[in-house]
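I am opening a fresh page for this structure and jotting down what I look up as I go. Have the sequence and the model beside you, and follow along.

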Amino acid sequence: MKNLILSLFCMLIGSAAFAQSPIGVWKTVDDETGQAKSHVEITEKNGKLYGKVIKILTPGKENAVCDKCSDQRKNKPILGMEILTGVKKDGKKKWDDGKILDPNKGKTYDVSIEVVEADKLKVRGYMGVSMLGRTQYWQRVK
């Protein structure tokens with residue numbers, strides 16, 4: 001009985017720790033329209049977060065390309081595109097010092113990410129100073 005209780009406790013602690021991680025699949029929600037736009041899969045490589053678009057939710061935009069991008073992503077499909085790069089952990093729940101691409105505008109911004117609830121991710125894109133930016137809240141896809 002002790003082993004069962006200990007096992008359940010360890011599973012609960014482990015799932016709570018995972019729930020506070022930004023790693024996983026997130027539904028992006030446009031802060032201006034409130035509409036769900038895509039699913040982004042966030043992974044970790046060498047202590048940094050990276051995210052790519054794995055599903056486009058906007059009807060008619062499934063085959064869209066980044067025609068406004070000015071780097072190597074210009075005219076490449078948004079589906080499969082890496083839009084989040086090099087974000088480093090800064091504390092228990094916050095990640096910072098990376099870049100995020102807005103494929104609709106073709107612009108890259110500094111980014112900070114914070115897990116505010118188990119299934120809610122605060123994503124703030126900004127230029128230079130965090131006060132000059134936009135915040136979106138992404139929802140974990142289960």
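**Entry 1: Arg140 and its strand**

I began at Arg140, which sits in strand 8, residues 133-140. Strands here are DSSP runs of E with at least two residues, helices are runs of H or I with at least four, and both are numbered from the N terminus. This is a predicted model, so I kept its ground rules at hand: local features need pLDDT of at least 70, side-chain atom pairs count only at pLDDT 80 or more, and totals for chains, interfaces and linings use all residues. Residues are numbered from 1 along each chain as its sequence is written, and side-chain values use heavy atoms, with hydrogens and water left out.

Is Arg140 buried or exposed? Arg140 counts as buried because its relative accessibility is 14%; buried means under 20% relative accessible area, exposed over 50%, and partly exposed in between, with a 1.4 Å probe and protein chains only.

Next I asked which backbone oxygens the side chain of Arg140 reaches. The backbone oxygen of Ser21 is at 2.6 Å, and that of Ile23 lies 3.1 Å from a polar side-chain atom of Arg140. For the record, a polar contact is a pair of N or O atoms within 3.5 Å; within protein, one must be able to donate a hydrogen and the other to accept it, and residues adjacent in sequence count only if both atoms are side-chain atoms.

**Entry 2: the partners of strand 8**

I then looked at what strand 8 pairs with. Strand 1 (residues 24-29) pairs with strand 8 in the antiparallel sense, over two bridges. Two strands pair if DSSP finds at least two bridges between them. Here I met Arg140 again, as Trp26 stands opposite Arg140.

Strand 7 (residues 120-126) also runs antiparallel to strand 8, and seven bridges join them. In this pair, Arg124 stands opposite Thr135. Six residues lie between the strands of this hairpin, and Gly128 takes a positive phi near 80° there.

**Entry 3: the disulfide**

How many disulfides are there? I found one, counting a pair of cysteine sulfur atoms within 2.5 Å. The disulfide joins Cys66 to Cys69, with 1.8 Å from S to S. The link of Cys66 and Cys69 is right-handed, with 70° about the S-S bond. Cys66 is buried because its relative accessible area is 0%, and Cys69 counts as buried because its relative accessibility is 2%. A reminder to myself: a disulfide is a covalent bond between the sulfur atoms of two cysteines.

**Entry 4: two asparagines in loops**

I went looking for positive phi values outside glycine. Most residues other than glycine have a negative phi. Asn46 has a positive phi of about 55° although it is not a glycine. Asn46 lies in the loop between strand 2 (36-45) and strand 3, and it counts as exposed because its relative accessibility is 82%.

Asn75 is also not a glycine, and has a positive phi of about 60°. I found Asn75 in the loop between strand 3 and strand 4; it is partly exposed because its relative accessible area is 47%.

**Entry 5: Lys88**

Lys88 lies in strand 4, residues 82-89, and counts as partly exposed because its relative accessibility is 37%. What does Lys88 contact, leaving aside its neighbours within four places in sequence? I noted Gly47, Lys48, Lys94, Trp95, Asp96 and Asp97, where contact means heavy atoms within 4.5 Å. I also looked at Ile113: Lys88 and Ile113 are 25 residues apart in sequence and 9.5 Å apart in space, C-alpha to C-alpha.

**Entry 6: stepping back**

The chain has one helix and eight strands, and from the N terminus on its elements run α-β-β-β-β-β-β-β-β. Of its 142 residues, 34% count as buried.

Last, I checked confidence. pLDDT is the predictor's confidence in each residue, from 0 to 100. The chain has a mean pLDDT of 87, and 87% of its residues reach 70 or more. Among the elements, strand 3 (residues 48-56) has the highest mean at 98, and helix 1 (residues 2-19) the lowest at 44. Over residues 3-19 the pLDDT is below 50, and this stretch has five contacts in the model beyond near neighbours in sequence. My closing note is that where pLDDT is low, the predicted coordinates should not be read in detail.
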